[in-house]
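Colleague: Could you take me through a model, starting with the general idea each time and then turning to the case at hand?

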Amino acid sequence: MNAASLIQALRDRFPHAVQAAHSYRGDATVLIGRESLLEVARTLKEDPAFQMSFLMDLTAVDFSAYGKKRSPAFFAHSGVAVKPSPEIPDEEPWPGPPAPARFVVVCHLFSLPLKHRLRIEIPVEEADAEVDSLTSVWASANWLEREVWDMFGIRFHGHPNLKRILMYDEFVGHPLRKDYPVNKRQPLIGPIN
Amino acid sequence: MDPTQTPKSIPGEPETREMLLNVGPAHPSMHGIIRIIAKLDGEQVLDTDVEIGFLHRGFEKMAETVDYNGVMPYTDRLNYVSPLINNVGYCMAVEKLLGLSVPERCHYIRVIVSEISRITDHLTCVGAGAMELGAFSVFLYMIKAREFLWELVEMVTGARLTVSYCRVGGVKGDLPEGFEAQCRHALQETRKVLKEADALLTRNRIFVDRMSGTGKISAEDAISYGITGPFLRGSGVAYDVRKDCPYAVYDRFEFDVPVGTRGDNYDRYLVRMEEMEQSIRIVEQALRDIPPGPVLANPETGRPIPAAEMVDEGKMGRIAGIVDHRAVIDPTLEGAAKSQHGGIEAGEKRVFLPAKEDTYGNIEGLMQHFKLVMYGHGIRPPKGEVYFPVEGANGELGFYVVSDGTGSAYRVRVRPPCFAIMAALPKLLVGDMIADITPTFGSINMIGGELDR
Amino acid sequence: MSEAGFFTTRLDEAVGWARKFSIFQYPFVTACCGMEYMATACSHYDVDRFGAGLPRFSPRQADVLFVVGTISHKMAPVLKRIYDQMAEPKWVVAFGVCTCTGGFYDNYATVMGIDTIIPVDVYIPGCPPRPEYVLDGLMKLQVKIQEHGVSGARSAPESRPAELVR
Ligand code: SF4
């Protein structure tokens, strides 16, 4: 299925769960409310129309600094114009980050039999940063969700072993959040430098 | 006995107790830093816990702080055995974001260097795996072959390992003169080594006994764990990004995707050996078909001119066709004497870094370079998000890039192929003997930089 | 010069000579530099010519600790422990710019130079250093070993200049 028909099929199936959709640069993307995540995920995996056998990637984006990065006004007009290549469909512009949620959990799915890809995005509020765990659907979600917890501090409801994976237990904070300074070190031994 | 059951002591028999064994993070048979905590019953592994993250270097955070071209050196160090594939993957993701297409010749060059990298990666993996089983000579042979290929890589990129060869919108330099001959020679040598290794390993009793039947995983499990690449193909699933979602010009080449049947270490070894052969095939086809770069020499005289002369010509206003001249740079900039770059870089001048000859040789090139590397200038893709997968040496290597329209990426995420395989490690090890940890771990080809980023 | 002094210096020289050609190294390989380390150790460049061909995979049997590759804060306690387990006399080689200064990974996860945790004798910068650099570093280390002497305490590694310590 191509991006447009994939999105349409998903909209037909889950008229309430799909909050928004776009296919920027040919990548089919749907925005899903977190209540219906598990249901949608199961269907995507098992339904013969989708057959998303792979959860390729699960990550998150912290949109709290989006659009706030200052680029020097002096240079505001240099840079690159966009000239989409004819090979890449560019009908739809990117709608921008799904405000007002701070985080977005992003899953990339791939169907081996049907060879299509889909990106699911789940907006997550900072105050209640918790999503249902996908470990019961795809085994690959296990470590990926641990990494998202480690790096962003988003909890996954129903995860069997949600603990830090890349950082050490003594580490305080979540380094990929935009408010974590890039070189704030918390050494286990040795000086802070 | 069901390995997942805790053994009960039978009356009259000596009591059985489980033992915890901690392997790593610095362990000689682990060519990487991870920690495996294995629960053992005698020699049998009942359960394992795997700890990673010892090489976490904050790639994703660093990528947010530098500009788009500045991420390139960091991508080199993700999978440091096949850095060129990472370069290609990242560049193609940013190009997709920009909606930029690169010239044909550039695609071919990218294919050639990716395949060479794939061979070096598989050579290292098979060699190191064999070494850990005691076949040290195979390792030496494989490193010998890798040395030939690295010399080739050095010839093209100027570095052996941390190459930073690709640029958004092209590659750093064209293939050097004499590349084709040397490449064919290196491939020939590699073939010889592969033959030798094949003779030493494939029917070697010790090797086969230790590899076959260990580290088994079924196709369903492998898919559920998100495993891709040679590891998945060893389990009999013919998924290869190069075939199924072809990028660059992979759809033009003839090559087979080898698959195993049993999903054990031995099958994965066979798959890797065959893949090297297929990669050699691809490189040979690419060398045959590669279109010439359009710009080669001074169209009038047909001779290369020294850069200084070119500058003088320019100063005197004789600029007709000057960008088509092939400038020869002063020997102090050794290695920079390459032809102009029309054939390998995108037409959009605001995207790619100019050739070094241009940067040093004329004011336009200098300004172009300057505009691209100055803080606040540089590439500014439109707002958006893309995911681009390429076939890495270990499986699908995906880059997910989010742009907020400024000069540096808002978020760069790598989908590391061996992360998924490592997550399945407990599953692979349970029920095997403790000595089987070594071949199984070897066949994963865990690369710390990619796993922990 | 007294008789004893003469003999001690001769003995020092002999022991130093013997030591510098029988380097038992412990490769603490973590990252990309390990690839170049492998290339150096294998037949093409062959560190065996310098008597350093035999890696010992137990710190207790090694005299030279090769720290090869980035050290993260998670790994730092492990490195320190391995260093402490080595018997005197011992030397440390920082292989690659990551171990020398932290390199371009100036972020929350990495140690900015292993000399903030353990003393270092020879720094081999480069990202990764070419095998030729490594051999050069190895020769520098041999000079240092030669000068070490039997009785003399190891020359204390210089601490970082104050302006480099943040
Ligand atoms: S110095 Fe460079 S090559 Fe060596 S470990 Fe650090 S990043 Fe990797």
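The dialogue below takes up confidence, the ligand site and the cavities.

Modeller: This is a predicted model, in which local features need pLDDT of at least 70 and side-chain atom pairs count only at pLDDT 80 or more, while totals for chains, interfaces and linings use all residues. Residues are numbered from 1 along each chain as its sequence is written, chains are lettered from A and ligands numbered from 1 in the order in which they are written, and side-chain values use heavy atoms, with hydrogens and water left out.

Colleague: What is the mean pLDDT of chain A?

Modeller: pLDDT is the predictor's confidence in each residue, from 0 to 100. For chain A the mean is 80, with 85% of its residues at 70 or more.

Colleague: Which residues come nearest to the ligand?

Modeller: A residue is near a molecule if one of its heavy atoms lies within 4 Å of it. Of the 14 residues around the ligand, the nearest are C:C32, C:C33, C:V97, C:C98 and C:C127. The site is shared between chains, because residues from chains B and C surround the ligand.

Colleague: How many cavities does a search of the whole structure find?

Modeller: Rolling a probe the size of a water molecule over the atoms shows where empty space is left. A cavity is a set of points, on a 1 Å grid over the protein atoms alone, where a 1.4 Å probe fits but cannot get out, and lining residues have an atom within 4 Å of a point; its volume is the space filled by probe spheres set on the points, which are joined across faces, edges and corners. The search finds nine cavities of 30 Å³ or more, and the largest has a volume of about 100 Å³. Its lining has 13 residues, of which B:C125, B:V126, B:G129, B:M211 and B:S443 are closest to the centre.

Definitions and conventions
1 Å grid on protein atoms, 1.4 Å probe; cavity = no way out; pocket = protein on both sides within 12 Å on 5 of 7 lines; lining within 4 Å.
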